[in-house]
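User: I am new to this structure and would like a close look at a single part of it, the nonpolar core, with some account of what surrounds that part. Please take me through it in one connected answer.

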Amino acid sequence: MASNIEATISIEQQAHRDDVGARMGMWLFLFTEILLFGGMFLIYAVYRYQYPDQFHLAGMELNTGIGTLNTIILLTSSLTMALSIAAIQKKNKALSIIMLSSTLLFALLFMVNKFFEWSAKISHGIFPGSKELLEKQNGEILFFGLYYVMTGLHAFHIIIGIVILTFMLVFLIRNKITSDNYVKLENSGLYWHLVDLIWIFLFPLFYLIQ
Amino acid sequence: MINEAANPGEKSFYQVSTNKHTGILSWLLTVDHKRIGIMYLIAILSFFLVGVVIGLFMRWELMFPGKTIMEAQTYNTLFTLHGVIMIFLFIIPGLPAIFGNFFLPIQLGAKDVAFPRLNLLSFYIYVIGAILVLVSLFLPGGPIDTGWTFYIPYSIRTSTNVSMAIFAAFILGFSSILTGINFVTTVHRLRAPGMTWFRMPLFVWSTYATAWIQIIATPVIGITILLVIIERAFGVGIFDPALGGDPILFQHLFWIYSHPAVYIMILPAMGVVSEIIPTFSRRTIFGYKQIAYSSLAIAFVGYLVWAHHMFTSGMSDTSRWIFSLLTFIVALPSGVKIFNWVATMYKGSIDPQVPFLWVMSFIFLFSIGGLTGLVVGALATDVHLHDTYFVVAHFHYVMFGGTGTIFFAALHYWFPKMFGKMYNKRFAVISVVLFFIGFNMLYFPKFILGYMGMPRRYYDYLPEFASLQLVSTIGSWILAGAIFFVVGYLIHALYKGKKATANPWGGVTLEWHIASPPPMENFHEIPTITHEPYDFSQLKEMKYGE
Ligand code: HEM
């Protein structure tokens with residue numbers, strides 16, 4: 001068979017660009033992300049219903065200050081993300097780079113905050129399997145279990161976002177993303193907004209309703 | 001083996017690489033949907049055969065009462081592996097990944113799927129998942145023994161390699177999601193001019209509905225599996241009752257995916273049936289729109305029936321009867337399809353070629369599977385039959401008799417198109433007959449055994465079950481013999497088979513308008529569609545018509 005190969009066609013070279021299709025694929029993917037977190041929100045709802053008092057008690061132990069700060073940080077990063085796309089649409093590459101870099105900066109800030117928040121909890125002996133935690137009531141154990149898993153998975157998405165946005169920054173600098181070909185940046189933006197959106201739900205569920 | 005397309009002077013996709021490599025790399029790095037489909041075929045068929053061999057060993061153990069060839073624990077790991085391999089590695093990806101990949105773009109009149117590179121990525125994710133399953137067998141702790149349902153709390157307590165094996169299922173889910181996204185986008189974006197929604201072949205419709213379930217349902221099992229892994233690794237309290245968790249919640253989440261998953265398995269098969277029956281009846285499909293809509297109805301209602309797996313696990317009476325009712329409702333669209341197929345054959349000029357025979361055997365087996373599904377879908381009878389061999393027989397009839405049979409039907413229908421070779425039809429007829437006999441010998445006794453009270457997942461049984469168990473084991477040999485026979489003569493046909501013509505069955509959907517095997521780009525120019533999908537009057541004007 002192999003010896004017969006003469007013509008070599010690169011589909012990639014020939015493929016027509018389909019921005020609408022690319023965006024559609026991204027939306028479908030985001031949909032699966034929502035369902036992924038949806039499973040956990042479901043579990044949260046069930047257990048909150050089962051142990052309302054103990055969830056209340058456990059929720060008081062979280063630091064609302066850090067949570068609020070992180071909410072502000074993420075919302076701002078969403079804004080800069082949107083501005084970065086708007087800038088490249090308007091052919092302003094420099095501004096787009098600045099905005100994207102600030103998004104990255106905010107993302108890192110979020111992670112730093114998260115780090116301090118988690119280490120404070122852990123130093124108080126509240127982490128999965130710890131003696132302190134196991135002495136608490138079942139509802140509180142579940143609350144902290146969900147707290148670590150849900151915010152952890154969210155933080156994991158932030159980290160992935162940081163990697164993706166870094167790539168986008170490189171693409172932007174190298175003119176792989178331009179004012180007439182920016183669907184990659186747009187799709188990364190969509191992802192980033194989703195991660196932000198999930199936080200908007202996590203924040204009240206863990207830090208505010210008590 | 002395969003050298004030329006049927007059209008002289010035209011190069012088939014086997015001869016044209018999509019990248020700068022030749023030989024094996026031109027396959028491993030290809031972005032061509034046809035080559036990816038064939039790689040899936042090789043991988044999935046191999047795992048299927050492994051699953052069959054494991055099944056044979058289980059049946060061997062069950063041949064006589066008492067210990068025959070293995071310990072109880074070995075049996076536990078074998079049925080788990082058999083289940084995991086058959087479900088996650090064979091039947092869920094089976095039809096969409098192989099035939100969907102190969103024929104979906106062609107039937108739409110497109111040159112490839114919407115995201116060719118993503119397509120290759122899904123293939124590798126599948127391979128990684130499969131490798132993880134294999135690795136989990138050899139790590140200390142021993143192979144997983146929870147059954148393919150991974151129920152809590154046992155899956156948290158057992159010391160076997162649960163985490164690795166279910167992580168593999170998570171990875172495989174990822175592959176499934178990406179394929180789903182790819183197919184939905186392809187159907188929306190890449191239909192040829194004139195290919196309106198209601199001119200799409202029904203295989204496309206059902207693959208489209210399947211792709212939606214893949215997207216909607218798979219993430220739920222993804223998160224559930226992740227949570228079990230996290231729970232095992234870090235002792236986080238989520239499902240473990242010792243920490244206040246709720247094991248029933250796990251069952252809900254598990255079946256929220258795994259029940260729609262059975263529709264991931266069966267819908268593409270129904271699509272294949274809707275292709276084969278018109279072709280061999282020379283008659284347009286009866287009730288095209290009903291079949292198309294019933295696929296969507298199955299996809300939708302199928303999402304709402306999961307808790308019928310849990311009638312005996314502890315649920316309120318209200319939810320039990322609601323889920324039972326919904327279960328009966330989901331049988332309706334399947335019934336619609338069966339009647340439409342039969343009505344299509346009515347007054348057609350039937351040409352009972354090999355693929356058609358497989359479809360006949362499908363209709364018989366699947367109907368038994370579907371009707372016994374109603375027996376376990378009804379509350380009172382399910383309490384008696386839950387977790388018995390009756391259930392084992394039921395799901396083998398639907399999954400294996402349904403989708404498995406259609407896997408072979410599709411293979412025989414499209415083999416000449418995919419490989420440009422024709423197999424020995426006499427062997428093929430013998431194998432269908434053997435398959436059918438072996439299948440019923442293997443699984444029908446299980447209905448009776450289950451009714452008499454034989455529980456599933458046991459390596460031993462009471463003496464009164466011995467004769468039916470023996471019949472079942474003998475059936476497994478006939479069935480496996482038929483399967484290996486099929487694989488044998490198909491491989492033989494690849495090398496020695498007669499060259500297939502471009503349209504050996506007289507089909508009219510787009511894949512029969514092009515050469516066998518298809519050229520690299522499928523169509524030299526994108527066709528304009530002017531006919532209904534099963535309009536046999538076009539045969540005369542077709543390039544490769546009669
Ligand atoms: C020659 C082919 C096959 C044979 C001999 C076979 C035999 C068996 C046997 C003996 C069991 C265990 C019953 C028990 O003790 O509970 C079993 C379970 C099962 N089989 Fe098969 N089977 C075959 C093909 C298939 C196929 C094609 C599928 C899927 C499409 C499948 C899916 C399953 C599943 C999901 C289970 C349940 C595993 C569990 O309990 O966790 N089998 N099979």
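Analyst: In this predicted model, the largest nonpolar core has 254 residues, and those with the most contacts inside it are Phe206(A), Phe99(B) and Phe239(B). Helix α3(B) gives the most to this core, with 22 residues. Leaving aside residues up to four places away in sequence, Phe99(B) touches Gly94(B), Leu104(B), Phe203(B), Phe407(B), Ala410(B), Leu411(B), Trp414(B) and Met418(B).

Helix α3 of chain B also carries a ligand of the metal: the iron atom of the ligand is coordinated by His82(B) and His396(B), each through NE2, at 2.0 Å. His82(B) lies in helix α3 (residues 72–108) and His396(B) in helix α13 (residues 389–419) of chain B, so the pair ties together parts that are 314 residues apart in sequence. The site of this iron atom is octahedral, with angles of 85 to 180° among its six donor atoms. His82(B) is buried, with a relative accessible area of 15%, and His396(B) likewise counts as buried, at 12% relative accessibility.

As for how the chains meet, 50 residues of chain B are in contact with 41 residues of chain A, and the area buried between them is about 3800 Å², of which carbon and sulfur atoms give 74%. Of the area that chain B buries against chain A, Arg189(B), Ile223(B) and Leu243(B) supply 13%, more than any other three residues. Arg189(B) also forms a salt bridge with Asp18(A), the closest N and O atoms being 3.0 Å apart, and one salt bridge is found across this interface.

Key:
Residues numbered from 1 in each chain as written. Chains lettered and ligands numbered in written order. Predicted model: local features only at pLDDT ≥ 70, side-chain atom pairs only at ≥ 80, totals over all residues. Heavy atoms only, no water. Donors = N, O, S within 2.8 Å, 3.2 Å for Na, K, Ca; no water. Tetrahedral: all angles 85-135°; square planar, octahedral: opposite > 155°, others 65-115°. Helix = DSSP H or I, 4+ residues; strand = E, 2+ residues; numbered from the N terminus. Buried < 20%, exposed > 50% of the residue type's maximum accessible area, 1.4 Å probe, protein only. Core = buried A, V, L, I, M, F, W, Y, C linked by side-chain atoms within 4.5 Å. Contact = heavy atoms within 4.5 Å. Buried area = accessible area lost by both parts, 1.4 Å probe. Salt bridge = Lys/Arg side-chain N within 4 Å of Asp/Glu carboxyl O.
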